[in-house]
Amino acid sequence: MSGARVGDAPPPGHVVRDDVVRPGEGWAEVVRRGQMVRVVDVAGKQGVDFLCYAADQPEERYHAANTMKKARTIFLTTGHVLYSDVARPMFTIAADTCGRHDTIGGCCSAPSNFLMYGVKDVPGCRETFLELLGRHGMGRRDIVANLNLFSNVPVGPDGRLAETVFMDGLSKAGDYVDLRAEMDALALISNCPQVNNPCTGLDPTSVRVLIWEPA
């Protein structure tokens, strides 16, 4: 269709859920093994923080170090697997129209916003994660280093990061990533409200989150 964006095309299967998540809001759902989570960057350059836990035993959760070691890269894309702390596959990136997702920048928070930018009482994705985890009987001890979808954290040849850590995202309007669940998993998303660094293009926007089942 002329003028249609990539993310406007329906996924090739049965859509179970289709939600809009505004900046500063969160999304949490148990995704069954074999189901897909599609995250659509509606306007482009929007950072989306992602965490996941085994649905039946949430002590098992996403492990950034295992994921990076197996992928042999800090930048994830199609074909890479998100591993748990006991090295079991949790999600596989089955499709990715952006091609760059960050594993090292972590989530923003009120304390880190003051540390990095000198702004007080400005909550971020950590506070959203805490609210979501509280619905499932979890809390601060359960937050681990998360994956940042559509986020750009370049690392220089000397290992240095940019002054703002995050740089302008590389995603365009309608870009999406499909994550296939390799186990029953509780997936958490915080749509980043950050305006102090370029992870949201300094203009946070809504994203779409779908759960779908391949035909």
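The following legends accompany close-up views of a predicted model of one protein chain.

**Figure 1. Overall view of the chain and its secondary structure.** In this predicted model, the chain holds 3 helices and 12 strands. Its radius of gyration is 16 Å, close to the 17 Å that the globule rule gives for 215 residues, so the chain is as compact as a globular protein of that length. The C-alpha trace spans about 50 × 45 × 35 Å along its principal axes, and 47% of the 215 residues count as buried. Among contacts with a separation of 6 or more, 76% are made by residues 24 or more positions apart. The surface that the chain exposes amounts to about 9,900 Å², of which carbon and sulfur atoms supply 52%.

**Figure 2. The open sheet of 6 strands.** The strands of this open sheet follow the order 1-12-3-10-7-6, and their pairing is antiparallel. Strand 1 (13–21) and strand 6 (81–83) stand at the edges, and each has a single partner strand, so one side of each is left without a neighbour in the sheet. On average, and with direction ignored, neighbouring strands of the sheet are turned by 20° against each other. Strands of a sheet pair through backbone hydrogen bonds, either parallel or antiparallel.

**Figure 3. The pairing of strand 7 with strand 10.** Strand 7, which comprises residues 89–96, pairs with strand 10, which comprises residues 175–181, in the antiparallel sense and over 5 bridges. One residue pair to look for in this view is that of D96 and V177, where V177 is the bridge partner of D96 in strand 10.

**Figure 4. Surroundings of D19 in strand 1.** D19 lies in strand 1, and it counts as buried because its relative accessibility is 19%, under the 20% cut-off. The side chain of D19 makes a polar contact of 2.8 Å with the side chain of R17, and a polar contact of 2.8 Å also joins the side chains of D19 and W27. When residues up to four places away in sequence are not counted, D19 touches W27, V207, R208 and V209.

**Figure 5. Helix 1 and what covers it.** Helix 1 comprises residues 64–71, and within it A64, N66, T67, M68 and A71 are buried. The cover over the buried residues of this helix includes strand 5 (75–76) and strand 6. Helix 1 is followed by R72, a residue whose phi is positive, near 60°.

**Figure 6. V144 in the loop between helix 3 and strand 9.** V144 is placed in the loop that runs between helix 3 (125–134) and strand 9 (147–149), and with a relative accessible area of 24% it is partly exposed. Not counting residues up to four places away in sequence, V144 touches L51, R61 and Y62. The view may also be extended to T103, since V144 and T103 are 41 residues apart in sequence and 11 Å apart in space, C-alpha to C-alpha.

**Figure 7. Q194 and its polar contacts.** Q194 is found in the loop between strand 11 (185–191) and strand 12 (207–214), where it counts as buried at 3% relative accessibility. The side chain of Q194 makes a polar contact of 2.8 Å with the side chain of N113, while a polar atom of the Q194 side chain lies 2.8 Å from the backbone nitrogen of N196. With neighbours within four places in sequence left aside, Q194 is in contact with C108, N113, Y117, C199, T200 and P204.

**Figure 8. Two loop residues with positive phi, A87 and F150.** Most residues other than glycine have a negative phi. A87 is not a glycine, yet it has a positive phi of about 65°; this residue sits in the loop between strand 6 and strand 7, and its relative accessible area of 48% makes it partly exposed. F150, although not a glycine, likewise has a positive phi of about 65°. F150 is placed in the loop between strand 9 and strand 10, and at 0% relative accessibility F150 counts as buried.

Conventions
Residues are numbered from 1 along each chain as its sequence is written. This is a predicted model: local features need pLDDT of at least 70, side-chain atom pairs count only at pLDDT 80 or more; totals for chains, interfaces and linings use all residues. Side-chain values use heavy atoms; hydrogens and water are left out. Two strands pair if DSSP finds at least two bridges between them. Helices (H or I, at least four residues) and strands (E, at least two) are DSSP runs, numbered from the N terminus. Axes are lines fitted to C-alpha atoms, for helices over the stretch in contact, and angles run from 0 to 180 degrees between N-to-C directions. The radius of gyration is taken over C-alpha atoms; the globule rule is 2.2 Å times the number of residues to the power 0.38. Buried means under 20% relative accessible area, exposed over 50%, partly exposed in between (1.4 Å probe, protein chains only). Contact means heavy atoms within 4.5 Å. Accessible areas come from the Shrake-Rupley method with a 1.4 Å probe; for residues, only the protein chains shown count as cover. A polar contact is a pair of N or O atoms within 3.5 Å; within protein, one must be able to donate a hydrogen and the other to accept it, and residues adjacent in sequence count only if both atoms are side-chain atoms.
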